[in-house]
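Please look over the sequence and the structure below before reading on. The paragraphs after them lead through the main parts in turn.

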Amino acid sequence: MRRGNITMDLSTVPLVAATAASRQVIATMLNPMKVLPSDNGLPRDWRGLAHQLELSTELMSLLTSHSDPTIHILTLLEKNQKDITMKNFQAMMEQMDRWDIIDDTEALFQSDAERYLEHQQRAQMSAEPIDECADQKILTFGDIHRLNQGLETQYYDAFLLYAEEDIDFVNEMIEKLETQFKLKLCLKDRDLVVGIEFEHEAIMKLISERCNRLLIIVSPNFLKSSANKFFLNYTQALSIEKRQRKIIPCIYKRCELPFQLKYISNLDYNLKGLDFWGKLHNSIQAPNSFGTSSSIQEGNNLQESTEIKKTLPDKYKDIVHITQKTNEKTSKYPQENESCESIMKASDTKTLNVSSKKNKTLSRWEKITSNWKTKQSKENDQLTTETIVQNLPSLDNLDSLNLSSPHEYKKKKKKLFSNFTKKRIALKT
């Protein structure tokens, strides 16, 4: 037998690599006693093989009474680890004129040699040791793929919780959300790696740390599962603790909602005229970021300026308009503003005077605004004080103090003076 188009080199393959089938063929042909010897005087049966292997006389006598002497000889070679190759065995058969054995075992030896070399190559390969830290992070097949690329573990838009009886609707939802809307879902039966101990703990970790939402397909079958109820209760407690919108219920089939879902906004698949998939996508998708603080501050400044302009006298409104236009141009074209400043520095006295007038106008507007704010603040404080005073009880309504009679007052005063005198005497002594 050839490996591809190449004949195997039997001089590199030990005889002990022969399979049980090859050994049985050899034994079947060598065990029967042959009367006629070979041209060089060797017996043409197992005795000729034992003679060339230089076995002892005692062993030869034991083999004579053995039921299968050839198999016993091959077993002794394996135990003693004799370096006899398949090529050596063929040479021995030539010395014994047993060309029939060489021909009948050629294909078997080629097959055995190929299998032996493949085994040797597999033995040289070794599995990589498992990194315990990395193995603890692996919960899904996505984690394996990303860690092999040197990336962090996989994160998901939502963990999909459902009953097995609703698998048809689950497949439709996966097709819509993952293919059309490009969301990343996590499913227990599809994404969890095999062999994870304490599966419930792995799912809890995914829901709390790796999944933004818990997507629930509500149906009568869903409520029959104790595991589904457990994960629902866990996620509700988690959302309360983190103050996060975590649960998204989708009513697939009408049923009595559990207590946890009665106070949560849900999506009903059966409502007509409802963009179910669009609303579901928007509910799952987490916003990347909010508006910058600068834009919020600009809006607040614009609103404040508008309010001030409404309350100012008419003679100051033109100044407000000019100042707003100047600030708007400066904010829109900062580079142009810088170049203007450089030009103004190099301009003549007339240009500087014009700039000075503009600066005076701005400073005048800032002063007017500051005074107006101070005035408004004082007026507000005065109004607040007056309101508080009005709410306080009137002094006129308070009961007058009940003063003692003049005689009783003199008596108490005399007693107080007497006690004070006694204490001073006691301190001196």
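What follows covers a sheet, the nonpolar cores, a pair of helices and two loop residues.

The model is predicted. A starting point is its open sheet, in which 5 strands are arranged in the order β4-β3-β5-β6-β7. The pairing in this sheet is parallel. Its edges are β4 (185-186) and β7 (267-268), each of which pairs on one side only. Inside the sheet, β3 (residues 156-161) is joined to β5 (residues 211-218) over 5 bridges, in the parallel sense. A158 has R213 in β5 as its bridge partner. Helix α13, made of residues 276-284, lies across β3, β5, β6 and β7. Relative to β6 (247-251), α13 runs at about 165 degrees.

Next come the nonpolar cores. In soluble globular proteins, nonpolar side chains tend to be buried together. Here the largest nonpolar core has 28 residues. The residues with the most contacts inside this core are L15, L30, L49, M86, F89, M93 and F109. Two or more residues each are supplied by α1 (20-30), α2 (46-52), α4 (69-80), α5 (86-95) and α6 (99-124). A second core is separate and has 22 residues, among them L161, L214, V218 and L232. Back in the largest core, which has M93 among its residues with the most contacts, what does M93 touch, leaving aside its neighbours within four places in sequence? M93 is in contact with L30, L49, R98, I101 and I102.

Two of the helices that contribute to the largest core, α1 and α4, also meet each other. Their axes come within 8 Å and cross at roughly 130 degrees. α1 and α4 are therefore oblique to each other, as the angle lies neither between 65 and 115 degrees nor over 145. On the α1 side the contact involves R23, Q24, I26, A27 and L30, and on the α4 side T70, I71, L74 and E78. By class, 5 residues of this contact are nonpolar, 2 are polar and 2 are charged.

Two loop residues remain. Most residues other than glycine have a negative phi. D97, which is not a glycine, has a positive phi of about 60 degrees. D97 sits in the loop between α5 and α6. Its relative accessible area is 24%, so D97 is partly exposed. K182 is another residue other than glycine with a positive phi, near 60 degrees. The loop that holds K182 runs between α9 (167-180) and β4. Is K182 buried or exposed? With a relative accessible area of 66%, K182 is exposed, because the cut-off for exposed is over 50%.

Notes:
Residues are numbered from 1 along each chain as its sequence is written. This is a predicted model: local features need pLDDT of at least 70, side-chain atom pairs count only at pLDDT 80 or more; totals for chains, interfaces and linings use all residues. Side-chain values use heavy atoms; hydrogens and water are left out. Two strands pair if DSSP finds at least two bridges between them. Helices (H or I, at least four residues) and strands (E, at least two) are DSSP runs, numbered from the N terminus. Contact means heavy atoms within 4.5 Å. Axes are lines fitted to C-alpha atoms, for helices over the stretch in contact, and angles run from 0 to 180 degrees between N-to-C directions. A nonpolar core is a set of buried Ala, Val, Leu, Ile, Met, Phe, Trp, Tyr and Cys residues joined through side-chain atoms within 4.5 Å. Buried means under 20% relative accessible area, exposed over 50%, partly exposed in between (1.4 Å probe, protein chains only). Angles under 35 degrees count as roughly parallel, over 145 as roughly antiparallel, 65 to 115 as roughly perpendicular and the rest as oblique. Ala, Val, Leu, Ile, Met, Phe, Trp, Tyr, Cys and Pro count as nonpolar, Asp, Glu, Lys and Arg as charged, and the others, Gly among them, as polar.
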